[in-house]
Amino acid sequence: MDTVRYGSTTLLRYTTPAASFNEALPVGNGRLGGMVYGRAGEERISLNEDSVWYGGSLMADSSGARERLPAIRDLLRQGRQQEAEHTAMMAMMSSPKYMHPYQPLGDLMIRMEDRSGAVMNYQRLLDVSTGIASVSYWKDGCRYIREYIASAVAGVLLIRLETEHPAGMSFGVHLMRRPFDGGSRPAGHATVIMGGDGGGKEGVQFQAGVRAVAETGRMETIGDFVAVEGARAVTLVVGAETSFYHGEGYGQVCLERIEAAAATPYAELKRAHAAEYGARYHRMEFSLFSGKEERETRAEAELPTDERLRLYAAGRQDPGLEELFFNYGRYLLISCSRPGTQAANLQGIWNESYTPPWESKYTININTQMNYWPAEVCNLSECHEPLFDLIERMLPHGRATARTVYGCGGFVAHHNTNLWGNTHIEGVLSTSSIWPMGAAWLTLHMWERYRFDNDEAFLRERAYPCMREAALFLLEYMTEDDEGRLLTGPSISPENKFILSSGQQGALCMGPAMDGQIAAELFRACIRAEEVLGGDEAFRSRLKAALGKIPPPAVNDNGTLKEWTHEIEAEADPGHRHISHLFALYPGQSIDIHAQPELAGAARQTLMNRLAHGGGHTGWSRAWIILFFARLQEGKQAYDQFRQLLTSSVYPNLLDCHPPFQIDGNFGGTAAVAELLLQSHGEALELLPALPEVWPAGRITGLRARGGCTVDLEWREGLLCKARITAGRDGPVAIRYRSGRVNSSGGAVRCCLHMSCKAEGQAAEGNGEGLLCFEARKGEVYDVEIKLEVRKGG
């Protein structure tokens, strides 16, 4: 393939306005979101506020489930599939069946007085390095410029309109009402507001408003419009607040926030946004080029992003586009998940539908978890916080569900939750609903946070209490079979089905592989947490005893990993998008290429079998496959899947295409790039463990590793040339690097690692096999150099 260096690695660029939501550009401050269409004559910005959900909290647990559980388990053990699923449907499904949706706030419309005439030199941009979207064009010989900023500092959206036209510009600004709310109305000078609710007194109440601040010209309210006449520069301040955050005072808070921003000069608001956003975004830098000359070559060839995507799909190499996709994922996470906001849902915060796919809620059998896979490794740990808040909000509901449905203590959740943290069995499908592992998986994110930042107070006060209750539920819920194995059940392998020897298809079962893998990961994490914190020795002993009875991953006769514990005739869909039985490979850590090469080989065979039958056809599934291959340290396979992700699973605005739009594939793709370059789940920091050959030279700074290290890497000609490790704690650090290279005569390239620390005057040598160990001190910087020599005879 030809290699062409196209455009910016931080800039989405288009030469036409967006024709649809999937072409619009997202801006967000964590809580407020907007999709910018960039239309010259009649601009539309679709608005969201992350707590605007329809309806309210639900008490929907089935009170008849508990007494039927033993019978359902017996039916499954006897192979009476239809009877088991029929009984479970009647006894266990909740009422009401479905959770309520996350909904739009409305639309902001800007209607120019003069909408006639041609627009020239049009550009629509999103700079992910500044968090600013913009539109510029020429009309009647004069330039028009707009900027769109979602300011976390001010808590509002800002739209700045400027023109060089001597007569200025005239337009009306309008908040488009939701179809079932009361519309908008004037609220003081150059201000209109819009109020509504999410479905009666139980729903979230909200108020949105917009105020215009013009530096020249006239402003007034006409009807429910803010009218601006003859202005050369105008700032629109858009705010929204809800009863979820502020109780009955949400309306007053909305007006106060708008007023405070309106009283601040735009230049000051912009500077404050740039500083606050930049402090997060610029912790990392990723470049697939080394050297000034190549950077300049890239800058010479600016192409629109949609054109770059088209050429990429036709086979062209565009490393800059791959960098951009990585950077875009970090931008999106900063923009939709910050301390004090809600967790990122299926669409992040950007949803235009009042009846969105899957209610735009939190699907916690992989999708919500994938949203947060890049948070720690990509140095955005604080963006993880809203997920922890959601878990804690789920905790009391999960305790009630555990008691009512299962007769167990502890904390359980199923495959979906919502703003209020409801945990009941949701939906009616046997392939997805009865899956009691949502809480267990989510709490492992809290354990991962501890592993990255070593914050013992967080472990004691927030993480371990949730982890312990999730583990307690499993200890009481799991049952032993005739072989002494400890199994979950009734449960499922998420969204997949099997075929029995009788020809019956089923989903409900005892002991699907994923459940055992999650339970084992959680029990090991709880045991380790107990060792760190000191505490309940009896509980630790229970965990250890149970861990020994959970069946480990097992291999089928065809060399693939088993997805179900019981015997099946075949998979109903061998190319299924969920690959749940590889949880132990990623994000789990119990299948390790170094420690369990046989199981790693079976995992690879599983992947190849899935792909041979059309697997990876959704964006998030493709992203997960990249991560699997990264853990298997197969750079070529991983890159092939990464390329496929960008070729067939993104929209023109680079948002993930399930289809429809789901944001999880963006975050999974970003996490996958990081996993190709650094892994820390094992006993050592693995440097460039799955570097694709098509990325021969590059540099990445600011990656985070478990143990608290920050890692910078640089490589040339496919070989690591330097690494810098900033220690996050006192203690031993182990580094592994294996080039995987052979020379022209077939000799293996041997790696010799050398570490030095100027501050300590410390030095260490590796073992000549690519492994280096040394004692580190928190805050110190350690430089690692790599020397290569050829070992004769292979």
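Colleague: What share of the 794 residues of the chain counts as buried?
Modeller: Happy to start there, and please keep in mind that this is a predicted model. A residue counts as buried when its relative accessible area is under 20%. Across the 794 residues of the chain, the share that meets this is 61%.

Colleague: Which radius of gyration does the chain have, and why does it agree with a compact globule?
Modeller: The C-alpha atoms fill a box of roughly 85 × 70 × 50 Å along the principal axes. For 794 residues, a compact globule would have a radius of gyration near 28 Å. The chain agrees with that, because its own radius of gyration is 27 Å.

Colleague: How many helices and strands does the chain have?
Modeller: Good thing to ask early on. Counting both kinds of element, the chain has 19 helices and 34 strands.

Colleague: Which residues of helix H15 are buried, and on which side of H15 do they lie?
Modeller: Helix H15 covers residues 537-547, and its buried residues are Phe 539, Arg 540, Leu 543 and Ala 546. They span an arc of only 130° around the axis, so they lie on the same side of H15. The buried residues are thus Phe 539, Arg 540, Leu 543 and Ala 546, and their place is the same side of H15.

Colleague: What do the buried residues of H15 pack against?
Modeller: Let us look at the partners of H15. Here a contact means heavy atoms within 4.5 Å. The buried residues of H15 pack against strand E21 (486-487) and two helices, H13 (456-477) and H14 (513-533).

Notes
Residues are numbered from 1 along each chain as its sequence is written. This is a predicted model: local features need pLDDT of at least 70, side-chain atom pairs count only at pLDDT 80 or more; totals for chains, interfaces and linings use all residues. Side-chain values use heavy atoms; hydrogens and water are left out. Helices (H or I, at least four residues) and strands (E, at least two) are DSSP runs, numbered from the N terminus. The radius of gyration is taken over C-alpha atoms; the globule rule is 2.2 Å times the number of residues to the power 0.38. Buried means under 20% relative accessible area, exposed over 50%, partly exposed in between (1.4 Å probe, protein chains only). The arc is that of the directions from the helix axis to the C-beta atoms.
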